[in-house]
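This briefing introduces a structure to a reader who has not met it before. Please look over the sequence and the structure first, and then read the points that follow.

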Amino acid sequence: MSEPRIRFERVSLEFPTAAGPLRVVDDVSYDIHEGEFVAVIGPSGCGKTTMMNMLAGFQRPTSGRVLLDGREVAGPGSDRGVMFQEYGVFPWLTVRENIAFGLTLKANRVPAGEREAIVERYLGLMGLAGFADAYPKHLSGGMRQRLALARAYAVKPQFLLMDEPFGALDAQTRSNMQNLLLEILAAERKTVMLITHSVEEAIYLASRIVIVTARPARVREIVAVPFAYPRDEAIHEAREFGELRSHIRDLVMDEYRAQQGQARAVAFSE
Amino acid sequence: MGDRLKRIGLVAAPWLAIVAAWYGVRESGLVNSALVPAPHAVLAKSVDLFARQGLAWDIFVSTRRVFIGVAVGIALAVPVGFLIGWFRSAKAFADPLVNFFRALPPIALIPLVIVYFGVDEPAKLVILIYASFFAGVIVMYEGVSQINPLFIRVARTLGASQSEVFRKVIIPLTVPHILTALRVALGVAWATLVASELVAAQRGLGSMIQNASTYFLLDVIYVGIICIGLVALLMDLALRRLSTRFLAWQDRVGA
Ligand SMILES: Nc1ncnc2c1ncn2[C@@H]1O[C@H](COP(=O)(O)OP(=O)(O)OP(=O)(O)O)[C@@H](O)[C@H]1O
Ligand SMILES: [Mg+2]
């Protein structure tokens, strides 16, 4: 097998708190290979965002290493596009300026003509052409996420890190966004890490699923998703889909209960 | 055309009502009419003051003082407020300090200002700068400390360097707070103007009011007060124009 593009190597992270160090990520190891789509699923507050922050370069592990193509992550960079849990569109820039933002930076500057072409392309792909000169305050939640995706794509990252990008959307919009994501990934392949709470979303989108435990996050199990790309909605009805879903759901519920128990234990100890 | 007339009517109505109430109070006999000059008398007085006493110069002198006071005060408040807001730990110790000085009425400082700065132009400016600075600095650091760090992270993941983050994210997010600080400081500065012109000013609306009160020239006092209100209103309108132009992206401005 080829070298992994991303490697979590015995990664642990502790936050210093008033009550002493709080272990949030505990001895996590897994690899993500070129072109893979890895979904990470686990109970709320277990340490998923923290895990992604280490890969994005915002946080350093307390021990262990996060490697990108064999080199330790030193900080954020435009090789890793990130979609954050909250909408991160810039409210002071128009839709067009948001998409162009990364292209105006020294790190990925392109000539003005090329920049316009890229912006136009993603305006079209993401269905935002009618809103090119509007400010984000006029956009719906789904449109904001499409804008965040367009902006991340515009600088041609090799990796896409997404932290519950569709968590705040209604079911219909969410399903549209999933399909849009699959389409754009089919057109421009990336190596993807997606954090999600939704078992269906993980199975529908990912090639592999990492199930993590209640805090501190450990790898509970890694399952391969047996469906080939391109995928379509029909796989939701497949027998393997249902089996996989109940298997993962059991694991997640188990960890969810553990997390709840933890919260209660904390409440009692106070 | 009809719409336009309606708009003008709407804007004018409360002012006309005030003038009517003014006449009403005067004619009602509740107050000694010698103590309430009639609106038309005040208008006539203002024409007279413009023509013969150089009222325009007084307006200009006062406006210039407010302008310089606010400009210098805010020019200092922007970087200082920015630093206090940016470094959380600075806010903890700066907050009581700033509130202490802001709570002091500028009028109470006049004797000290006279001792240290004399009675000339600098003394008046010092008071206005002081008032503008403390009004503005709070607005600045409260605003800056609320800048969402998410935007900085997003910019970093798109490849922004530290200086690009500053120029392309932090500055645009600071502009609204600068404009608010300006508006707040303008209000405070006009309020402080009369006090600052108590420092033996020769000219200016504050000193005009001050002198008029010595000779009990009520109509002149009224003219002075109305001029202060009008100029302050115009400045505020101009700033609001600026805000709608620069802050069209904000939720509450424009549509
Ligand atoms: N800077 C920090 N200092 C101290 N504790 C933190 C810090 N950041 C996160 N935590 C704690 O670490 C734990 C994991 O947080 P994290 O945001 O990674 O969870 P998550 O799995 O992404 O949760 P969710 O699914 O709700 O987004 C939480 O209990 C949180 O309170
Ligand atoms: Mg999270």
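A polar contact is a pair of N or O atoms within 3.5 Å, and with that cut-off in mind, a polar side-chain atom of A:Thr50 lies 2.5 Å from an oxygen atom of ligand 1. The model described here is a predicted one. The points below take up the surroundings of ligand 1, then the interface of the two chains, and then the domains of chain B.

**Ligand 1 and its surroundings**

- There are 13 residues around ligand 1, and those that come nearest are A:Ser44, A:Gly45, A:Thr49, A:Thr50 and A:Arg215.
- Besides the atom of A:Thr50 already described, a polar backbone atom of A:Gly45 is found 2.7 Å from an oxygen atom of ligand 1.
- The side chain of A:Arg215 also takes part, with an N or O atom that is 2.7 Å from an oxygen atom of ligand 1.
- On its own, ligand 1 has 630 Å² of accessible area, and the protein covers 65% of this.

**The interface of chain B and chain A**

- In the contact between the chains, 22 residues belong to chain B and 29 residues belong to chain A.
- Chain B and chain A bury about 2,200 Å² between them, and carbon and sulfur atoms give 67% of that area.
- On the side of chain B, the residues that lose the most area to chain A are B:Thr157, B:Leu158 and B:Trp249, which together make up 32% of what that side buries.
- The count of salt bridges between chain B and chain A is zero, whereas six residue pairs in polar contact are found across this interface, with both residues at pLDDT 80 or more.

**The two domains of chain B**

- Chain B is divided into domain 1, which covers residues 1–36, and domain 2, which covers residues 37–254.
- Nine residues from domain 1 of chain B and ten residues from domain 2 of chain B form the contact between these domains.
- The centres of the two domains of chain B, taken over C-alpha atoms, are separated by 30 Å.
- Between them, domain 1 and domain 2 of chain B bury about 690 Å², with 74% of it on carbon and sulfur atoms.
- In domain 1 of chain B, the most area is lost to domain 2 by B:Trp22, B:Tyr23 and B:Leu35, together 66% of what that side buries.
- The rule finds zero salt bridges across the interface of these two domains of chain B, while the count of residue pairs in polar contact between them is three, both residues being at pLDDT 80 or more.
- The side of domain 1 of chain B that touches domain 2 is made up of seven nonpolar residues, one polar residue and one charged residue.

Notes. Residues numbered from 1 in each chain as written. Chains lettered and ligands numbered in written order. Predicted model: local features only at pLDDT ≥ 70, side-chain atom pairs only at ≥ 80, totals over all residues. Heavy atoms only, no water. Domains from an automatic or database assignment. Contact = heavy atoms within 4.5 Å. Buried area = accessible area lost by both parts, 1.4 Å probe. Salt bridge = Lys/Arg side-chain N within 4 Å of Asp/Glu carboxyl O. Polar contact = N/O pair within 3.5 Å; in protein donor to acceptor, adjacent residues only side chain to side chain. Nonpolar A, V, L, I, M, F, W, Y, C, P; charged D, E, K, R; others polar. Near = heavy atom within 4 Å. Areas by Shrake-Rupley, 256 points an atom, 1.4 Å probe, with all protein chains shown as cover.
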